[in-house]
Amino acid sequence: MLHPSYSDLMNVVNSEVEEGETPVVNSRYSIVMATSKRARQIIARQSKAGEDMRAFTVSKPLSKAVEELYTGQIRILPGEDKSEED
């Protein structure tokens, strides 16, 4: 089981949407795409910095991406498959 769940992530991402507006995400696919893209960004940044890839045993890139999305450190831009850092 994932913590937080897909539905929890979707609620967080859509929390800033006014009633009657189109939700930012309405499928698990959108959440998966955004978190996987962010995980790839984290890996690329750590590779450029020369960090040891074994450090991922503490915090894996995908877990970090899910955490960032859930806590609002990144957000999914409406109408795009992109995420943005705050």
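Is Asn-14 buried or exposed? Keep that one in mind for a minute while I set the scene. Oh, and before anything else: what you see above is a predicted model.

Let's start with the overall layout. The chain has three helices and two strands. Walk along from the N terminus and the order of elements is α-α-α-β-β. There are 86 residues, and 30% of them count as buried. The accessible surface of the chain is about 6200 Å², with carbon and sulfur atoms making up 51% of that. And how do contacts spread along the sequence? If you take contacts with a separation of 6 or more, 44% of them are between residues 24 or more positions apart.

Okay, back to Asn-14. This residue sits in the loop between α1 and α2. Its relative accessibility is 19%, so Asn-14 counts as buried. The cut-off for buried is under 20%, so that 19% falls on the buried side of the line. What does the side chain of Asn-14 reach? It goes to the backbone oxygen of Val-25, at 2.8 Å. If we ignore the neighbours within four places in sequence, Asn-14 has contacts with Pro-23, Val-24 and Val-25.

Now, two of those names come back in the next part, which is the core. The largest nonpolar core has 11 residues, and Val-24 and Val-25 are among them. Some others to find on your screen are Leu-9, Met-10 and Val-13, then Ile-31 and Ala-34, then Val-66 and Leu-69, and finally Ile-74 and Ile-76. Which elements supply them? Helices α1, α2 and α3 and strand β1, residues 74-76, each put in at least two. The biggest giver is α1, with three residues.

So let's look at α1 by itself. Leu-9, Met-10 and Val-13 are buried there. Around the helix axis they span an arc of only 100 degrees, so they end up on the same side of α1. What do the buried residues of α1 pack against? They pack against α2, α3 and β1.

Helix α3 gives us something similar to look at. Its buried residues are Pro-61, Ala-65, Val-66, Glu-68 and Leu-69. Their arc around the axis is only 160 degrees, which places them on the same side of α3. This buried set packs against α1, α2 and β1. Right after α3 you'll find Gly-72, which has a positive phi, near 85 degrees.

Did you catch the Glu in that list? Let's talk about charges. Side chains of opposite charge can pair when their charged atoms come close. How many salt bridges does a search of the whole structure find? Two. One joins Glu-68 and Arg-38 through their side chains, at 2.6 Å from N to O. Glu-68 belongs to helix α3, residues 61-71, while Arg-38 belongs to helix α2, residues 28-48, so this pair ties together parts that are 30 residues apart in sequence. Both Glu-68 and Arg-38 are buried.

The other salt bridge is between Lys-64 and Glu-68, with 3.9 Å between the closest N and O atoms. These two are four residues apart in helix α3, so about one helical turn separates them. Lys-64 has 28% relative accessibility, so we call it partly exposed. Glu-68 has 6%, so it counts as buried. Since Glu-68 turns up twice, what do we get? The salt bridges share partners and join Arg-38, Lys-64 and Glu-68 into one network.

One last residue, and it takes us back to helix α2: Thr-35. Thr-35 is buried, with a relative accessible area of 6%. Which residues does it touch? Not counting those up to four places away in sequence, Thr-35 touches Leu-62, Ala-65, Val-66 and Leu-69. Three of these names were in our α3 list a moment ago: Ala-65, Val-66 and Leu-69. A polar atom of the Thr-35 side chain is also 2.9 Å from the backbone oxygen of Ile-31. And here's a nice pair to check on the screen: Thr-35 and Ile-74 are 39 residues apart in sequence, and their C-alpha atoms are 9.8 Å apart in space.

That's my tour. If you'd like to try one yourself, start with Asn-14 in its loop between α1 and α2, then follow its side chain to the backbone oxygen of Val-25.

Key. Residues are numbered from 1 along each chain as its sequence is written. This is a predicted model: local features need pLDDT of at least 70, side-chain atom pairs count only at pLDDT 80 or more; totals for chains, interfaces and linings use all residues. Side-chain values use heavy atoms; hydrogens and water are left out. A salt bridge is a side-chain nitrogen of Lys or Arg within 4 Å of a carboxyl oxygen of Asp or Glu. Buried means under 20% relative accessible area, exposed over 50%, partly exposed in between (1.4 Å probe, protein chains only). A nonpolar core is a set of buried Ala, Val, Leu, Ile, Met, Phe, Trp, Tyr and Cys residues joined through side-chain atoms within 4.5 Å. Contact means heavy atoms within 4.5 Å. Accessible areas come from the Shrake-Rupley method with a 1.4 Å probe; for residues, only the protein chains shown count as cover. A polar contact is a pair of N or O atoms within 3.5 Å; within protein, one must be able to donate a hydrogen and the other to accept it, and residues adjacent in sequence count only if both atoms are side-chain atoms. The arc is that of the directions from the helix axis to the C-beta atoms.
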